[in-house]
Amino acid sequence: MNKAVNPKDLTPVDDNAPLYAARKKVYPQSVSGTFRRIKWGLMAFCLGVYYFLPFVRWNRGLGAPSQAVLIDLPNSRFYFFFIELWPQEVYYFTGLLIVAAVALFLMNSVGGRIWCGYLCPQTVWTDLFYAVERFVEGDRRERMRKDKQAGSLTLKRVSEIAAKHTIWLMIAWWTGGAWVLYFSDAPTLVKDLLTFQAPMVAYAWIGILTATTYLLAGYMREQVCTYMCPWPRIQAALTDEWALNVTYRYDRGEKRTSVKKAAELRALGEQVGDCVDCYQCVAVCPTGIDIRNGPQLECIQCGLCIDACDNVMSKIGRPKRLIGYDNDINIHRRQEGKAPIYRFVRARTVVYSAIIAAVGGIMIYTLATRSLLDVNVLHDRNPLAVKLSDGSIRNAYTVRLLNKSGYDRVIAIDADGPVNPTIHVVGVDSVTPDRPMIVIPRDSTSELRLLVTAPADNNPEKSIPVRFHVTDIGLGVVASTTDNFVAP
């Protein structure tokens with residue numbers, strides 16, 4: 001039975017206390033090792049793709065944009081190498097978002113917060129800003145010492161601060177500049193920006209992204225992950241007991257003691273842990289936490305504490321991976337003298353992989369088999385139909401033709417449904433009046449007004465379906481759509 005608690009024994013609440021803890025500045029120490037090299041490599045790859053991809057060229061033919069990746073808002077197009085997407089194909093972006101979300105779930109099920117530790121833009125740019133800070137001001141101890149002496153500035157210290165913030169602002173400026181290059185031809189826009197001839201909206205977005213990059217990566221840093229980002233909370237709800245997370249293996253590490261004391265205790269045959277309480281895992285952590293305290297919301301699982309601990313273990317002659325990617329199941333198994341087991345293939349990873357494969361497969365199939373010729377028809381509403389003097393019936397339609405290819409098309413328009421219909425395109429001359437043939441410019445949308453006339457004989461006095469066929473005369477490609485032919 002639970003014991004009743006006397007309210008007088010509870011700690012009184014200070015109504016004037018702040019709503020959140022004040023930030024304690026973090027001074028991550030540099031470290032070398034496997035995970036640090038992985039982070040360097042991924043950072044170079046991600047930044048290289050982001051900064052230089054707008055300058056990659058792709059030949060799409062005469063008159064078409066030659067930028068490999070381009071979001072062409074004025075013409076409502078998205079180009080990605082050989083893929084061109086129109087506004088009507090927004091479902092591809094929906095599929096891409098689904099794949100990205102489920103891939104994030106899959107990464108979490110396998111290796112915890114892999115995204116946060118290695119690929120998140122906040123992590124990548126903060127890591128870059130930390131590298132600049134170390135290069136200019138020195139490593140952890142030097143930065144801490146210099147910040148303590150902030151009241152007595154010297155010319156050298158002022159020059160270091162100015163150099164650091166200048167480099168930060170240059171990186172932030174180029175980050176904003178690279179973003180706008182995805183929305184216009186990159187070499188042309190760079191020239192216009194330098195000669196102050198670019199649109200004002202480009203300068204505005206560069207200013208906004210420069211400010212956000214400078215503030216988020218230079219000042220807010222780990223607070224973005226702790227307070228602003230929702231993923232740590234979502235991730236905690238999606239993980240399971242088999243997911244591998246950066247873990248302090250307390251079955252090996254406890255009890256903690258110094259190197260000298262540990263050697264003495266081992267000489268006496270006593271049990272002692274491998275952790276020597278050096279706090280190197282804390283010193284290198286970009287969020288300033290102690291991984292030995294167990295799973296924590298602030299931990300982005302970047303693996304730098306693994307490298308720091310491995311380096312210490314190598315120096316004192318103990319096995320590496322006192323900190324590593326592990327889970328509590330294996331820790332308990334080792335305490336019981338059993339071998340660790342890893343289950344990467346389990347229900348949730350199979351389901352996530354199947355969803356990614358299914359959605360990705362559907363997208364690839366529809367993209368590979370999509371038609372580059374499309375037609376949409378809208379029936380006139382007022383009037384629905386007109387009865388001519390000879391008794392024939394006329395219906396009017398607005399036809400929208402989409403030519404998504406990189407060349408002009410000569411197309412013919414046919415209608416099936418009414419008996420012996422006559423088709424006329426308003427304002428367009430054709431050498432075959434009963435079967436209009438018109439030219440649709442490449443990579444464009446054409447809107448036509450179409451009149452379909454059918455004799456009264458052999459046509460029912462009610463609404464019947466009519467199917468329109470648009471045929472590419474040269475290639476034989478056909479696009480069709482259905483509407484109604486209405487009797488007056």
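**Exercise 1. The nonpolar surface patch**

Task: State in which helix W205 is found, and describe the nonpolar patch to which W205 belongs.

Solution. In this predicted model, W205 is found in helix α8. On the surface, W205 joins W179, V201 and I208 in a nonpolar patch. Together these residues have about 400 Å² of accessible area. Helix α8, which covers residues 200-220, gives the most to the patch, namely three residues.

**Exercise 2. A salt bridge between two helices**

Task: Determine which parts of the chain are tied together by the pair K146 and E160.

Solution. Side chains of opposite charge can pair when their charged atoms come close. A salt bridge requires a side-chain nitrogen of Lys or Arg within 4 Å of a carboxyl oxygen of Asp or Glu. For K146 and E160, the N to O distance is 3.1 Å, and their side chains meet in a salt bridge. K146 lies in helix α5 (residues 140-148) and E160 in helix α6 (residues 155-180), so the pair ties together parts that are 14 residues apart in sequence. By this rule, the structure has 34 salt bridges.

**Exercise 3. The two largest pockets**

Task: Describe the volume and lining of the largest pocket, then those of the second largest pocket, and explain where the second largest pocket lies.

Solution. The largest pocket has a volume of about 820 Å³. Its lining consists of 23 residues, and V49, L96, A100, W115 and P121 are the closest to its centre. Helix α2 gives the most to this lining, with six residues. By class, the lining of the largest pocket has 23 nonpolar residues, with no polar and no charged ones.

The second largest pocket has a volume of about 500 Å³. Among its 26 lining residues, N245, T247, P295, Q296 and Q301 lie nearest the centre. Strand β4 supplies the largest share, four residues. The lining of the second largest pocket divides into twelve nonpolar, eight polar and six charged residues. Domain 1 (34-238) and domain 2 (245-336) both give residues to this lining, so the second largest pocket lies between them.

**Exercise 4. The largest cavity**

Task: Identify which helix supplies the largest share of the lining of the largest cavity, and state how its lining residues divide by class.

Solution. The structure holds four cavities of 30 Å³ or more, and the largest contains about 160 Å³ of space. Fifteen residues line the largest cavity; T123, T126, Y130, P286 and I300 lie nearest its centre. Helix α4 supplies the largest share of this lining, six residues. By class, the lining has six nonpolar, four polar and five charged residues. Domain 1 and domain 2 each contribute at least three residues to the lining of the largest cavity.

Note on methods:
Residues numbered from 1 in each chain as written. Predicted model: local features only at pLDDT ≥ 70, side-chain atom pairs only at ≥ 80, totals over all residues. Heavy atoms only, no water. 1 Å grid on protein atoms, 1.4 Å probe; cavity = no way out; pocket = protein on both sides within 12 Å on 5 of 7 lines; lining within 4 Å. Points joined across faces, edges and corners; volume = space filled by probe spheres on them. Nonpolar A, V, L, I, M, F, W, Y, C, P; charged D, E, K, R; others polar. Domains from an automatic or database assignment. Patch = residues over 30% accessible without salt bridge, like charges linked within 9 Å, V, L, I, M, F, W, Y side chains within 5 Å. Areas by Shrake-Rupley, 256 points an atom, 1.4 Å probe, with all protein chains shown as cover.
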